Amino acid sequence: MPLDAPLPDVDLRADYWSLRFVEEQASQYAVRHNVPLPLAVTTDRGVMASVHADGGYGYAATGDTSAQGVRAALQRAAARARVTAHTGLIDSRRLPRPAARGEYASPALAVAGPTPREWYDLLAAECAAATRDPRIVDSEAGVEVRTATHRLVTSTGGDVVQRYRFLLPRLTVTAHAGGVTQSRSLDGFRGICQQGGAEILARFGFVGAGTRIAAEAIELLTAPECPRGSMDVLLMPDQMILQIHESIGHPLELDRILGDERNFAGTSFVTLDMFGSYRYGSPLLDVSFDPTRGEELATYAFDDEGTPAEKAYLIRDGILVRPLGGATSQMRARLPGVAASRADSWNRPPIDRMANLNLEPKDASLADLVAGIDRGVLMETNRSWSIDDSRNKFQFGCERARVIEHGVIRHVVKNPNYRGVSASFWRSLARVGDATTVQVLGTPHCGKGEPSQIIRVGHASPACVFAGVDVFGGES
Amino acid sequence: MSIEDDFSALVAAVAGARAAGERFTVAFAAEDTDFVRFNRGRVRQSGSVVQRTLTLRLIHGARHATHTLSLTGDVARDVATVRTAMADLRAVLPDLAEDALLLLPDGVRSSREVRDGAVPAAEDAVDAILAAADGLDLVGFYAAGPVWRGFANSEGQHNAYTATTFNLQWSLYHGADKAVRSAYAGFHWDAAQLGARMQQARERLALVARAPRTLAPGRYRAYLAPGALEELTALLCWDAFSGRALQTHQSALDRLQEGAAFDPRVTFVEDTQGGVAPAFQNDGFVRPPRVPLVEHGRLAGSLVSPRTAREFGLVANGANDAESPESLVLEGGDLPAADALTALDTGLAIGNLWYLNYSDRPAGRITGMTRFATFWVEHGRVVAPVNVLRFDDTLYRMLGSNLEALTRETELMLESSTYGARALGSVRLPGMLVKELAFTL
């Protein structure tokens with residue numbers, strides 16, 4: 001496979017072509033309720049050929065990365081480009097023809113990780129610590145170790161090779177007693193996901209967390225319901241990332257705004273004329289597309305169309321500045337964007353995606369944030385998310401909350417939920433935490449596209465306070 | 001050689017490389033798919049994907065591990081790749097713990113199922129779709145071609161499944177978020193059927209074009225079309241029918257096993273014999289034709305994977321690890337679908353729901369949005385489209401105390417998911433009339 005080898009000679013009549021090779025290998029280790037799950041390894045390898053010809057655009061993907069397979073894929077893509085040229089939405093002759101050359105590597109890529117036996121021992125210890133109380137009816141400690149090499153070669157001389165290692169630990173427990181079930185996790189279901197190696201575990205206090213989250217789940221069994229009413233909400237980073245993702249990230253995707261996703265993932269309440277003037281949030285709101293944090297999940301040097309990735313503000317001082325759109329969408333919309341054209345593997349074409357979408361910290365410590373709340377709740381760890389297809393009316397739920405009264409954290413409450421409307425919610429952003437409150441989290445499960453794609457997205461956020469939020473609890 | 005022959009050759013290679021005391025299972029998935037994406041009545045992206053994957057599990061005693069591999073389609077190269085993977089698994093097995101929950105099928109249950117189909121060349125499908133939607137703001141997605149699944153093991157079991165299908169999902173937009181969503185999916189493409197469905201969608205688009213109405217939060221009488229119920233059951237497929245989720249009290253149906261009940265007219269069945277999915281799962285267990293899940297409002301069973309069976313002393317019934325239905329049926333009732341709006345009288349006719357999630361899972365409480373064609377109806381007649389609304393209500397009210405009727409007719413809907421690969425699931429659902437549904441935003 002020509003991931004690090006010369007390409008075969010290509011003889012193709014076309015305006016432009018590219019070959020995007022992907023090879024990823026993942027190892028899944030897990031212990032569920034004190035029983036090790038069998039090791040599961042995945043090796044995914046293939047190539048997508050994309051061709052611009054006669055004004056059309058076509059792609060062809062195959063697991064056959066031999067010279068013969070690559071040439072055949074290019075021919076299939078070219079044929080598809082030609083037969084659909086007369087019905088195409090975009091004249092491919094107007095599309096950019098990048099010639100990027102460069103490399104990228106994840107932090108500590110060459111540092112060896114634990115052996116399978118060491119992983120299982122570590123996970124078994126956390127699982128055991130989480131299951132000492134008989135009210136814990138389920139528990140799981142796991143980790144996915146994934147390495148990836150992506151290479152993009154273009155007919156214009158471009159050649160980009162990017163090598164990654166991702167670590168995705170997870171720790172969850174479920175407690176049940178008296179007809180009540182409550183679950184806790186360490187920063188959400190796969191909220192912990194970064195580039196790097198086993199050093200990531202220490203950043204999140206993974207070792208020893210089993211005991212803590214089990215105790216918290218048991219505490220929730222007898223906790224009162226979250227109070228109902230309009231009040232201040234302090235969202236911790238493991239809920240902020242969901243709030244950012246759903247009500248800033250998705251609505252700013254330029255292909256949504258251009259209508260591509262209206263049949264599936266949805267449209268956006270944001271329209272093209274809003275960029276440069278629309279007040280998205282309070283003046284405290286600064287949101288960046290930031291590929292510069294090495295440990296963050298979606299850091300890279302080039303996107304899958306070959307556009308160099310650079311930090312850019314999407315929202316500055318609360319004003320909407322630019323969308324999440326790659327080179328193709330930028331051409332369509334005549335707007336500047338970011339290097340956000342991404343595919344989740346070799347068998348899916350690039351579309352506009354989030355990458356690292358971060359909310360910039362300000363100057364309030366966590367103690368300051370709490371002290372400023374007269375009546376409210378602190379919510380942590382997302383467990384439920386729902387938002388309309390324009391990304392406006394939302395309802396989110398968390399695993400755990402604590403009541404705040406007169407600037408002091410009081411008791412724990414269960415089943416915290418809140419709802420709002422994106423277009424007004426961010427304007428109620430009242431305080432933003434400082435760098436000490438920031439966590440670098442993300443999700444490996446951002447879904448979108450036809451054909452559908454699940455992609456890795458990073459989010460870094462401080463804790464934040466929102467004023468006058470509609471808060472409520474569970475059914476009981 | 002056919003793809004089925006390729007699969008057999010790979011299985012033979014694995015069997016030939018087996019060492020003393022080793023057992024194996026092999027699961028195979030492949031597809032040759034044409035994808036076409038549309039926007040604004042034009043082609044946005046078009047291409048094809050050829051992919052084959054094989055999951056090899058090597059077992060020695062109670063130790064086992066799996067390796068899932070992309071294949072090239074060249075048998076000689078793929079045999080070499082699979083043999084390397086087998087050697088890697090063999091090397092790691094001694095480092096792994098014995099698996100107390102390993103369960104493999106007793107006996108050999110081989111099968112072969114071919115579901116023939118006829119799908120057009122992608123460019124012909126494009127021309128037909130765009131001609132039928134001439135002048136309309138069509139946005140949508142077409143996926144078509146053959147799909148293969150296979151299983152084999154060291155005991156000599158061999159299962160093969162092939163289906164050739166197409167699935168066109170599209171929306172006709174009036175503007176902003178006002179649209180009519182439609183689908184045409186099956187095995188044998190018929191341009192006349194496409195034309196008829198597009199014409200129906202055009203006619204409904206005229207209703208969507210009326211001035212929309214904004215409803216205040218509150219409780220409204222509602223009719224949920226099968227397309228709306230599909231979203232509701234998709235959420236339930238996440239975990240609600242899982243044997244393990246029920247055993248660990250994490251299922252949204254947990255209260256059913258603690259005495260609560262739905263309306264007696266509610267019967268859910270995993271209906272493999274009436275669905276599209278293969279009748280075998282990835283460990284080689286064969287699926288019963290029907291698995292009752294809820295019968296007459298009472299919990300009647302669950303989907304049990306081999307692992308869950310071993311863990312909780314249950315009987316495995318063909319479920320994969322996720323224990324999600326792949327051929328779910330909600331039995332119909334006695335309301336003729338043609339009379340649904342008359343029976344609704346005044347309230348909401350909901351064509352589609354969107355983005356459902358649990359607001360209190362153990363209590364079966366669900367929130368979600370209306371989407372696409374949702375109308376305000378008065379005296380059985382459509383008055384106006386309705387701006388999107390958020391509902392937040394429990395299964396026990398929707399399928400229980402507030403259930404007024406289920407339609408007599410049910411609709412088979414092929415799963416359109418294409419995450420990683422084309423899905424082979426289906427649901428068959430009626431429409432549902434409820435006395436009230438709680439809307440909150």
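I took a cavity to be a set of points, on a 1 Å grid over the protein atoms alone, where a 1.4 Å probe fits but cannot get out, with lining residues having an atom within 4 Å of a point. Grid points are joined across faces, edges and corners, and a volume is the space filled by probe spheres set on the points.

I note that this is a predicted model, in which local features need pLDDT of at least 70 and side-chain atom pairs count only at pLDDT 80 or more, while totals for chains, interfaces and linings use all residues. Residues are numbered from 1 along each chain as its sequence is written, chains are lettered from A in the order in which they are written, and side-chain values use heavy atoms, without hydrogens and water.

**Entry: cavities.** I counted eight cavities of 30 Å³ or more. The largest has a volume of about 460 Å³. I found 32 residues in its lining, with His52(A), Tyr57(A), Leu95(A), Glu305(A) and Thr328(A) nearest the centre. Among the elements that give two or more residues to this lining are helix H7 (327–333) of chain A and strand S2 (42–60) of chain B; helices (H or I, at least four residues) and strands (E, at least two) are DSSP runs, numbered from the N terminus. By class, the lining of the largest cavity holds 14 nonpolar, 13 polar and five charged residues. In this scheme Ala, Val, Leu, Ile, Met, Phe, Trp, Tyr, Cys and Pro are nonpolar, Asp, Glu, Lys and Arg are charged, and the others, Gly among them, are polar.

The second largest cavity encloses about 140 Å³. Its lining has 14 residues, and Thr165(B), Asn167(B), Glu415(B), Arg422(B) and Ala423(B) are the closest to its centre. Strand S6 (residues 158–175) of chain B supplies the largest share of that lining, three residues.

**Entry: disulfides.** I searched the whole structure and found zero disulfides over all chains, a disulfide being a pair of cysteine sulfur atoms within 2.5 Å. The sulfur of Cys446(A) cannot bond because the closest cysteine sulfur, in Cys193(A), is 12 Å away, too far for a bond. Cys446(A) is buried at 2% relative accessibility, where buried means under 20% relative accessible area (1.4 Å probe, protein chains only), exposed over 50%, and partly exposed in between. For Cys464(A), the closest cysteine sulfur is in Cys398(A), at 13 Å, again too far for a bond; Cys464(A) is buried at 0%.

**Entry: a sheet in chain A.** I traced an open antiparallel sheet of four strands, in the order S13-S12-S11-S16; two strands pair if DSSP finds at least two bridges between them. Strands S13 (319–320) and S16 (357–359) of chain A are the edges, each pairing on one side only.

Technical notes:
On a 1 Å grid over the protein atoms alone, a cavity is a set of points where a 1.4 Å probe fits but cannot get out, and a pocket is an open set with protein on both sides within 12 Å along at least five of seven lines; lining residues have an atom within 4 Å of a point.
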